[in-house]
Amino acid sequence: MKQRPAVVVEDDELFPEAYPNMLVVPITHDEAIAHQAFAEPIPPTPENGVDTTCWALAHHVTSVSLRRIKPTESRVTAAQLTSIRERITLAIGMN
């Protein structure tokens with residue numbers, strides 16, 4: 001399986017430590033699939049390591065096995081993470 005970039009959106013206290021999965025949203029460079037209401041734009045910064053604007057697709061939130069997750073030094077800001085989580089609640093009708 002191909003590995004894809006993603007943002008971890010799970011709250012550390014949501015699942016027990018032994019739970020084998022993590023909640024993430026995928027990242028894309030394809031603006032055509034970045035629905036305006038559900039995709040958080042991530043412009044390039046030294047902290048996130050992207051070279052062009054990409055989008056975190058909150059409407060594609062998914063659970064991924066911990067065995068597939070490879071941590072990186074890249075980070076989104078706290079404000080971006082909050083916005084992504086808000087977009088997830090919008091996408092699933094929880095607002």
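**Gln80**

I started with Gln80, which comes out at 11% relative accessibility and so counts as buried, the cut-off for buried being under 20%. I'm working on a predicted model here. I looked up where Gln80 sits, and its place is in helix H1, residues 78–91. Next I asked what the Gln80 side chain reaches. The hit was the backbone nitrogen of Thr77, at 2.8 Å. Then I pulled the contacts of Gln80, leaving out residues up to four places away in sequence. I got Glu40, Pro41, Ile42 and Pro43. Strand S3 covers residues 39–42, so I went to the strands after that.

**Strand S4 and its partners**

I took S4, residues 54–57, and checked both faces. Are they covered or open? Both are covered. On one side I have Cys54 and Ala56, on the other Trp55 and Leu57, and all of these are buried.

Which strands pair with S4? I found S3 running antiparallel to S4, joined to it by 4 bridges. In that pairing I noted Ile42 opposite Cys54. Ile42 had already turned up in my list of Gln80 contacts. I also found strand S2, residues 21–28, paired with S4 in the antiparallel sense, over 2 bridges. Here I noted Thr28 standing opposite Trp55.

**Asn21**

I followed S2 to Asn21, which is found in that strand. Buried, exposed or in between? Asn21 has 22% relative accessibility, so I logged it as partly exposed. I listed what Asn21 touches, again not counting residues up to four places away in sequence: Glu10, Ser63, Val64, Ser65 and Leu66. For Ser65 I also have a polar atom of the Asn21 side chain lying 3.4 Å from the Ser65 backbone nitrogen. I tried a distance to H1 as well, using Ile84. Asn21 and Ile84 are 63 residues apart in sequence, and I get 19 Å between their C-alpha atoms.

**Aromatic rings**

How many aromatic pairs are there? I count 1. Phe15 and Tyr19 make up the pair, and I logged it as stacked, with 4.3 Å centre to centre and 10 degrees between the planes. I checked the accessibility of both partners. Phe15 is partly exposed at 27% relative accessible area, and Tyr19 counts as partly exposed too, at 30%.

**Largest pocket**

I ran the pocket search and noted a volume of about 970 Å³ for the largest pocket. I have 31 residues lining this pocket, and the closest to its centre are Arg4, Pro5, Ala6, Val7 and Val8. Which elements supply at least two residues each to the lining? My list reads S1, S2, S5 (62–65) and H1. S2 is the strand that holds Asn21, and H1 is the helix where I found Gln80.

**Lys2**

Last stop was Lys2, in the segment before strand S1 (6–8). I logged Lys2 as exposed, since its relative accessibility is 60% and the cut-off for exposed is over 50%. I also took a long-range distance from here. Lys2 and Asn95 are 93 residues apart along the chain, and their C-alpha atoms are separated by 33 Å.

Notes: Residues numbered from 1 in each chain as written. Predicted model: local features only at pLDDT ≥ 70, side-chain atom pairs only at ≥ 80, totals over all residues. Heavy atoms only, no water. Buried < 20%, exposed > 50% of the residue type's maximum accessible area, 1.4 Å probe, protein only. Pairing = 2+ DSSP bridges. Polar contact = N/O pair within 3.5 Å; in protein donor to acceptor, adjacent residues only side chain to side chain. Contact = heavy atoms within 4.5 Å. Phe/Tyr/Trp six-rings, centres within 6.5 Å; stacked < 30°, edge-to-face > 60°. 1 Å grid on protein atoms, 1.4 Å probe; cavity = no way out; pocket = protein on both sides within 12 Å on 5 of 7 lines; lining within 4 Å. Points joined across faces, edges and corners; volume = space filled by probe spheres on them.
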